[in-house]
Amino acid sequence: MLERSFTVRNKAGIHCRPSGVILNAIKNEFPDHFFEVVNPSGTRLEINSMLALLTLELTCGTTALLRVEGIDEERALQRIGDLLEYEFDFPPRK
């Protein structure tokens, strides 16, 4: 199992839309991997659903820990860690 600290940079935090992007990457690119996030309060959750990501309350500026276990841990850790740190620029909905 590998782990990496990350800091949320998205201004609105990890809400529904970024969660969807992150979960799609997990399910499509790393379906056989285990992903866990530990937030600053010590809550540990497997990130396998949008509800799990939202429950972690990852707001802008939050630093948390990502853990990954699987056959391609290094690539999975880099990809999902980068998405958790990415500053998403979603166009406003009409």
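## Exercises on a predicted model

Along the sequence, the elements of the protein come in the order β-α-β-β-α-β-α. Helices (H or I, at least four residues) and strands (E, at least two) are DSSP runs, numbered from the N terminus. The model is predicted: local features need pLDDT of at least 70, side-chain atom pairs count only at pLDDT 80 or more, and totals for chains, interfaces and linings use all residues. Residues are numbered from 1 along each chain as its sequence is written, and side-chain values use heavy atoms, with hydrogens and water left out.

**Exercise 1.** State how many helices and strands the protein has, and judge its compactness from the radius of gyration.

Solution. Step one: the protein has three helices and four strands. Step two: its radius of gyration is 12 Å, close to the 12 Å that the globule rule gives for 94 residues, so the protein is as compact as a globular protein of that length. The radius is taken over C-alpha atoms, and the rule is 2.2 Å times the number of residues to the power 0.38. Step three: the C-alpha trace spans about 40 × 30 × 20 Å along the principal axes. Step four: 43% of the 94 residues count as buried (buried means under 20% relative accessible area, exposed over 50%, partly exposed in between; 1.4 Å probe, protein chains only). Step five: of the contacts (heavy atoms within 4.5 Å) between residues at least 6 apart in sequence, 76% join residues at least 24 apart.

**Exercise 2.** Describe how helix H1 packs against helix H3.

Solution. Step one: the axes of H1 (residues 16-29) and H3 (residues 73-85) come within 9 Å and cross at roughly 165°. Axes are lines fitted to C-alpha atoms, for helices over the stretch in contact, and angles run from 0 to 180 degrees between N-to-C directions. Step two: H1 and H3 are therefore roughly antiparallel to each other (under 35 degrees is roughly parallel, over 145 roughly antiparallel, 65 to 115 roughly perpendicular, the rest oblique). Step three: H1 contributes Val 21, Ile 22, Ala 25, Ile 26 and Glu 29 to the contact, and H3 contributes Arg 75, Arg 79, Ile 80, Leu 83 and Leu 84. Step four: these residues divide into seven nonpolar, no polar and three charged. Here Ala, Val, Leu, Ile, Met, Phe, Trp, Tyr, Cys and Pro count as nonpolar, Asp, Glu, Lys and Arg as charged, and the others, Gly among them, as polar.

**Exercise 3.** Classify Ala 52 and Thr 55 as buried, partly exposed or exposed.

Solution. Step one: Ala 52 lies in helix H2, and so does Thr 55, with H2 covering residues 50-55. Step two: Ala 52 has a relative accessible area of 9% and is therefore buried. Step three: Thr 55, at 41% relative accessibility, counts as partly exposed. Step four: leaving aside residues up to four places away in sequence, Ala 52 touches Leu 45, Glu 46 and Ile 47.

**Exercise 4.** Locate Glu 57 and comment on its phi.

Solution. Step one: Glu 57 sits in the loop between H2 and strand E4 (63-69). Step two: at 62% relative accessibility, Glu 57 counts as exposed. Step three: its phi is near 50°, a positive value in a residue other than glycine. Most residues other than glycine have a negative phi.

**Exercise 5.** Find the surroundings of Glu 87.

Solution. Step one: Glu 87 is in the segment after H3. Step two: Glu 87 counts as partly exposed, at 38% relative accessibility. Step three: Glu 87 touches Arg 9, Asn 10 and Lys 11, not counting residues up to four places away in sequence.
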